[in-house]
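Subject: Structure for your files, with notes

Hello,

Here is the structure I said I would pass on. Please look it over before reading the notes beneath it.

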Amino acid sequence: MQDLEEEFSAAVGAFSLTGPILSFTLATISIASGAVERVKVLEKSQGPSESGLCRICRWFSELFRRLELPQTRNNPSHKLFVFRSTLAMVLSFLFGWVGLERAMVAYSFGAVVTVSVVVANTGQAGFSLGLIMTRLNSAVIGTVIGQAVQQVLAVQTVFHASLFAVFIWCYSVFLIFQILHSPDHASTALPVLAIGIGGLVPGNGVFRIYNAQIEPAAEIGLAASVKSAVFGGGIMLLIDLFLYSSARGICEAELRKAFQKSEGLLLRVMGLRASTSAANADGSSNEETRVLMHLDQVASLIPMAKKEPAPRGIEFPVMLFSTVEHSLRVIAIELGTLEWMLEVSSNTALVGQEELGPLLTEIEGFLSKILSSSLVMFDDICKRKFLIAGANEMSVAGSIRRDILAKEYSRISTTQAAKPETPKATTRRLSNLAHVAARRHSDTGSTQNFPELINQIRKKAKENRGLLPTSDLYAQVELLVSVLATVSKEANQVQITLAQYG
């Protein structure tokens with residue numbers, strides 16, 4: 001740390017560091033210092049004494065966590081998927097063992113095999129009844145193909161045996177090629193391949209003699225196999241009607257939670273709302289981590305939601321969810337970095353906060369309003385099942401959407417007419433933030449010049465430089481401006497994206 005003080009002081013005295021360099025340096029040091037403080041707190045903390053029963057319970061809990069599959073951590077509904085799939089296999093096995101009068105003979109395994117193949121081909125967080133029906137149809141098709149070809153070509157002659165071998169080779173190569181190279185048809189080809197190959201094997205393991213009459217038991221076996229496959233599929237459909245989960249619905253719920261937590265993180269970091277949750281020992285919170293957890297769930301669910309059948313022909317808006325997820329992730333990371341800086345900085349107050357405070361409060365309130373309006377539009381889009389709204393829609397979301405699009409059109413028209421020069425990298429952040437401040441004060445008629453105010457505060461901060469970036473007021477001002485500019489840019493991007501989609 002002493003070497004860092006000498007190098008930073010020499011750099012400040014030798015030349016003027018630019019704003020982006022100071023912002024990056026302070027952000028990096030703040031995160032590293034906060035992480036070190038977090039580790040020190042964990043090292044000093046001593047847990048309460050545990051009884052023998054508590055230690056045994058904790059050992060079993062850690063054992064289950066070590067045995068936990070990665071899918072359980074990545075997919076929020078994986079446990080529900082395991083429960084309903086296991087229940088379907090158990091019921092199929094029991095009915096196959098006992099049998100059904102005039103429907104399915106006892107000790108049959110067709111139902112549980114069908115359920116197992118469909119479950120193995122549907123190992124994801126959410127899936128729809130349409131996917132299950134498609135794969136059940138594939139299982140029935142595979143059963144019919146396997147049994148029919150087995151009765152025709154499983155004959156004890158060189159010609160029939162050669163055709164039988166060629167058919168197996170062509171059948172397997174074609175379906176395996178579909179599985180490996182066609183994501184759209186892989187889920188259909190796998191049940192056809194697995195159950196079809198199983199049906200090609202004769203029941204007694206011996207090819208029938210040439211010109212020998214097909215035994216009635218073979219035809220009865222074909223009918224029993226088809227009925228078993230249909231019965232196993234019926235059990236799955238019945239269970240999924242009561243324990244149904246969809247990747248679309250889970251993705252919507254996780255993104256909605258991310259919106260709410262992002263707004264709460266903004267208000268907490270900027271000091272507009274006192275934290276009601278217990279903070280960590282070093283003063284930081286876990287709200288950034290909670291937002292990122294929801295966004296990670298959204299990112300893992302988007303490909304699964306895309307694969308689900310489109311209800312009423314409406315495809316899942318992958319670009320909409322991906323854009324919003326990326327913007328919210330940037331907002332959470334930037335606010336989390338600012339929170340680290342506020343916790344580890346030596347100075348509890350920024351230079352010029354008397355002048356900057358009221359305007360920052362207005363900007364913070366405006367950003368919070370953007371996130372709230374974005375959540376309203378997102379809820380409206382989800383309620384409409386991603387249908388395009390009418391031009392004369394009379395609702396709160398409709399009025400917000402029309403107002404946003406009108407302001408964006410006016411801004412683009414003004415920008416194209418003025419043809420401004422491309423701003424420099426050092427001033428682009430300030431110009432973006434000034435644009436937000438101008439929009440916020442347009443309704444109140446305020447004439448306060450935000451860029452001039454920031455420049456005054458920068459001059460005042462340069463008069464009191466610190467030995468470290470965490471105690472340098474100028475670096476803190478630059479990081480604050482950078483975070484607010486990035487957050488405002490991403491929040492506007494979310495709002496405009498939702499308005500354009502609706």
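The notes below go from the overall fold to the core, the salt bridges and the surface.

Please keep in mind that this is a predicted model.

Overall

The chain has 18 helices and zero strands. Of its 502 residues, 42% count as buried. Among contacts in the chain with a separation of 6 or more, 80% are between residues 24 or more positions apart. The exposed area of the chain is about 27400 Å², and carbon and sulfur atoms supply 63% of it.

I checked the geometry of one helix. Helix 8 covers residues 158-181, and its 24 residues should span 34 Å at 1.5 Å a residue; the end C-alpha atoms are 34 Å apart, so the two values agree. The buried residues of helix 8 are His160, Phe164, Tyr171, Ser172, Leu175 and Gln178.

Nonpolar cores

The largest nonpolar core has 63 residues. Those with the most contacts inside it are Leu255, Phe259, Phe321, Val324, Leu328, Leu335 and Leu498. Two or more residues each come from helix 2 (19-44), helix 11 (247-269), helix 12 (287-307), helix 13 (318-344), helix 14 (353-383), helix 15 (396-418), helix 17 (450-462) and helix 18 (473-501). Helix 18 gives the most, with 15 residues.

What does Leu498 touch, leaving aside residues up to four places away in sequence? The list is Phe259, Leu320, Val324, Ser374, Met377, Phe378 and Ile381. Another core, of nine residues, lies apart from the largest one; Phe81, Ile235, Met236 and Ile239 are among its members.

Thr337 is found in helix 13. Thr337 has a relative accessible area of 11%, under the 20% cut-off, and therefore counts as buried. Not counting residues up to four places away in sequence, Thr337 touches Ala27 and Ile31.

Salt bridges

The structure holds six salt bridges. Three of them are described here.

Asp296 and Arg329 meet through their side chains, at 3.0 Å from N to O. This pair links distant parts of the chain, with Asp296 in helix 12 and Arg329 in helix 13, 33 residues apart. Glu325 also forms a salt bridge with Arg329, and here the closest N and O atoms are 2.6 Å apart. Both Glu325 and Arg329 lie in helix 13, four residues apart, which is about one turn of the helix. In an α-helix there are 3.6 residues a turn, so residues three or four places apart point the same way. Taken together, Asp296, Glu325 and Arg329 are linked in a network of salt bridges.

Are the two acidic members of that network buried or partly exposed? Glu325 is buried, at 10% relative accessibility, whereas Asp296 is partly exposed, at 41%.

The third pair is Arg401 with Asp380, whose closest N and O atoms are 3.7 Å apart. Arg401 lies in helix 15 and Asp380 in helix 14, so the salt bridge ties together parts that are 21 residues apart in sequence. Arg401 is buried at 6% relative accessibility, and Asp380 is buried at 13%.

Surface patch

Which residues make the nonpolar surface patch of about 700 Å²? They are Val90, Phe93, Leu94, Trp97, Val98 and Tyr107. Phe93 sits in helix 5 (residues 78-98). Tyr107 is in the loop between helix 5 and helix 6 (110-120). Tyr107 counts as exposed because its relative accessibility is 70%, over the 50% cut-off. Phe93, at 48%, is partly exposed.

The C-alpha atoms of Phe93 and Phe109 are separated by 7.0 Å, although the two residues are 16 residues apart along the chain.

If you look at only two places, I would suggest the network of Asp296, Glu325 and Arg329, and the patch that includes Phe93 and Tyr107.

Regards

Notes
Residues are numbered from 1 along each chain as its sequence is written. Side-chain values use heavy atoms; hydrogens and water are left out. Buried means under 20% relative accessible area, exposed over 50%, partly exposed in between (1.4 Å probe, protein chains only). A nonpolar core is a set of buried Ala, Val, Leu, Ile, Met, Phe, Trp, Tyr and Cys residues joined through side-chain atoms within 4.5 Å. Contact means heavy atoms within 4.5 Å. A salt bridge is a side-chain nitrogen of Lys or Arg within 4 Å of a carboxyl oxygen of Asp or Glu. The expected span of a helix is 1.5 Å times one less than its number of residues. Accessible areas come from the Shrake-Rupley method with a 1.4 Å probe; for residues, only the protein chains shown count as cover. Patches are made of residues with over 30% relative accessible area and no salt bridge: like charges are joined within 9 Å, nonpolar side chains (Val, Leu, Ile, Met, Phe, Trp, Tyr) within 5 Å.
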